[in-house]
Amino acid sequence: MLADLHAHTWYSDGALPPQALLKRAAQRGLTHLAITDHDTTAAFENIDPAWIAPELQLLAGVEISTLWERQEIHIVGLAIDCTNMTLQGLLQAQQQLRRERAAAMDMRLQKAGICGLMDYLATLPCTAVGRNHVAQFLLDRGIARSKEHAFRNFLGDKGRYAASARWCSIVEAVKAIRAAGGIAILAHPNRYRISNPALRRLVSEFAAAGGEGLEVSYSNLDADSLDHLASLCLSNDLWASTGSDFHSPDNHWMDLGKFRQLPARCADRAIWLHPDWPGCMSAVKPVSLNGA
Ligand code: AMP
Ligand code: MN
Ligand code: MN
Ligand code: MN
């Protein structure tokens with residue numbers, strides 16, 4: 001069992017199209033893959049079932065940006081019905097916020113004499129435009145030395161070209177995921193810049209909102225952090241999830257399947273034992289929202 005339940009395609013800020021991602025997933029020996037693009041399920045409109053290797057099960061997923069106490073918190077939805085209109089209504093609104101935020105960043109860039117962001121974004125296949133794309137634009141233009149540099153200096157909280165978005169609340173995201181029959185998971189809990197007491201409050205509020213899982217193991221996590229997250233998961237009666245947060249083959253430290261196994265004490269709380277876990281997947285049917 002190697003379940004990577006957090007990965008991106010080029011429909012949000014990943015580098016690969018779904019076919020290449022599915023090929024890589026099989027090559028890296030995954031048994032389960034969830035595609036969880038930021039605020040879009042467009043990948044699932046563009047998957048030929050023939051691309052899914054017989055030994056691989058594909059789950060429909062999404063990663064929704066939310067605001068909680070002025071922090072951006074990411075909620076992953078797994079085993080969702082992509083055709084659910086409540087979920088799609090929320091995702092359309094989030095995509096619009098992303099377009100408006102990109103336009104606001106473009107205004108700031110133009111004021112600094114840097115033109116062309118919107119033209120660049122228009123060339124991309126993504127339906128959920130993100131800061132990663134803006135970082136790439138700054139890199140291509142020689143304005144940033146690296147993605148990290150772009151985020152640190154230009155696109156982070158106090159960055160020169162940063163713009164904020166009023167994402168939905170955790171309650172709204174969890175509600176939409178549940179409306180779509182999915183399981184809501186709190187993504188990468190130790191990546192938020194919040195204190196330990198705030199993290200505990202976040203997890204208990206997430207659980208109270210109907211959230212059911214916590215990402216316990218993901219890339220770049222040391223043994224102590226893994227242990228801490230396992231405790232947080234179990235003490236809140238949550239299910240334990242695993243995922244790399246794969247974006248690009250260039251980030252080899254975040255490659256598909258590259259994370260520690262769940263600690264033994266989480267074994268009977270592994271997310272794949274959840275009663276709503278799909279029994280027989282590759283059950284992702286190609287869906288079309290545009291009637292094509
Ligand atoms: P957004 O959802 O558009 O606000 O962008 C958030 C995404 O930017 C994350 O999912 C990461 O893919 C990427 N990201 C955030 N911080 C960094 C960083 N310091 N370096 C590289 N990528 C980052
Ligand atoms: Mn991302
Ligand atoms: Mn995230
Ligand atoms: Mn992610």
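Does D245 count as buried or exposed, and at what relative accessibility? D245 counts as buried, at 6% relative accessibility. With that settled, welcome to a short tour of this predicted model. It takes in a manganese site, a set of salt bridges and the surroundings of ligand 1.

**The manganese site**

- The manganese ion (ligand 2) takes its protein donors from D13 (OD, listed twice), H38 (NE2) and H247 (NE2), at distances of 2.1 to 2.8 Å.
- Along the chain, the donors of this manganese ion (ligand 2) follow the spacing D-x24-H-x208-H.
- Two of these residues come from distant parts of the chain: D13 sits in the loop between strand 1 (3-7) and helix 1 (18-27), while H247 sits in the segment after strand 7 (239-243), 234 residues apart.
- Six donor atoms surround the manganese ion (ligand 2), and with angles of 51 to 160 degrees among them the site is irregular.
- The manganese ion (ligand 3) lies 5.7 Å from the manganese ion (ligand 2).
- As for accessibility, D13 and H247 are both buried.

**Salt bridges across the chain**

There are eight salt bridges in the structure. Here are three of them, each with its setting.

- R98 and D39 form a salt bridge whose closest N and O atoms are 2.9 Å apart. R98 belongs to helix 2 (residues 85-111) and D39 to the loop between strand 2 (32-35) and strand 3 (57-68), so this pair ties together parts that are 59 residues apart in sequence. Both R98 and D39 are buried.
- E69 and R201 form another salt bridge, with 2.7 Å between the closest N and O atoms. Because E69 lies in the loop between strand 3 and strand 4 (71-78) and R201 in helix 7 (residues 196-208), the pair ties together parts that are 132 residues apart in sequence. E69 is partly exposed, with a relative accessible area of 46%, and R201 also counts as partly exposed, at 37% relative accessibility.
- D245, the residue from the opening question, meets R191 in a salt bridge through their side chains (2.9 Å, N to O). This pair links distant parts of the chain, with D245 in the segment after strand 7 and R191 in the loop between strand 5 (183-186) and helix 7, 54 residues apart. D245 is buried at 6% relative accessibility, whereas R191 is partly exposed, with a relative accessible area of 36%.
- Salt bridges with shared partners also join R24, R28 and D255 into one network.

**Around ligand 1**

- The residues surrounding ligand 1 include the manganese donors D13, H38 and H247. R98, the salt-bridge partner of D39, is also in this shell.
- Further residues around ligand 1 are E72, R101, G130, R131, N132, E148 and F151.
- Three side chains each place a polar atom by an oxygen atom of ligand 1: R101 at 2.7 Å, R131 at 2.8 Å and N132 at 3.0 Å.
- On its own, ligand 1 has 500 Å² of accessible area, and the protein covers 76% of that.
- Helix 2, helix 4 (131-140) and helix 5 (147-155) are the elements that give two or more residues to the shell around ligand 1.

How values were computed:
Residues are numbered from 1 along each chain as its sequence is written. Chains are lettered from A and ligands numbered from 1 in the order in which they are written. This is a predicted model: local features need pLDDT of at least 70, side-chain atom pairs count only at pLDDT 80 or more; totals for chains, interfaces and linings use all residues. Side-chain values use heavy atoms; hydrogens and water are left out. Donors are N, O and S atoms within 2.8 Å of the metal (3.2 Å for Na, K and Ca); water is not among the atoms, so sites may look incomplete. Four donors count as tetrahedral if all angles lie between 85 and 135 degrees; four count as square planar and six as octahedral if opposite donors are over 155 degrees apart and all others between 65 and 115; anything else is irregular. Helices (H or I, at least four residues) and strands (E, at least two) are DSSP runs, numbered from the N terminus. Buried means under 20% relative accessible area, exposed over 50%, partly exposed in between (1.4 Å probe, protein chains only). A salt bridge is a side-chain nitrogen of Lys or Arg within 4 Å of a carboxyl oxygen of Asp or Glu. A residue is near a molecule or strand if one of its heavy atoms lies within 4 Å of it. A polar contact is a pair of N or O atoms within 3.5 Å; within protein, one must be able to donate a hydrogen and the other to accept it, and residues adjacent in sequence count only if both atoms are side-chain atoms. Accessible areas come from the Shrake-Rupley method with a 1.4 Å probe; for residues, only the protein chains shown count as cover.
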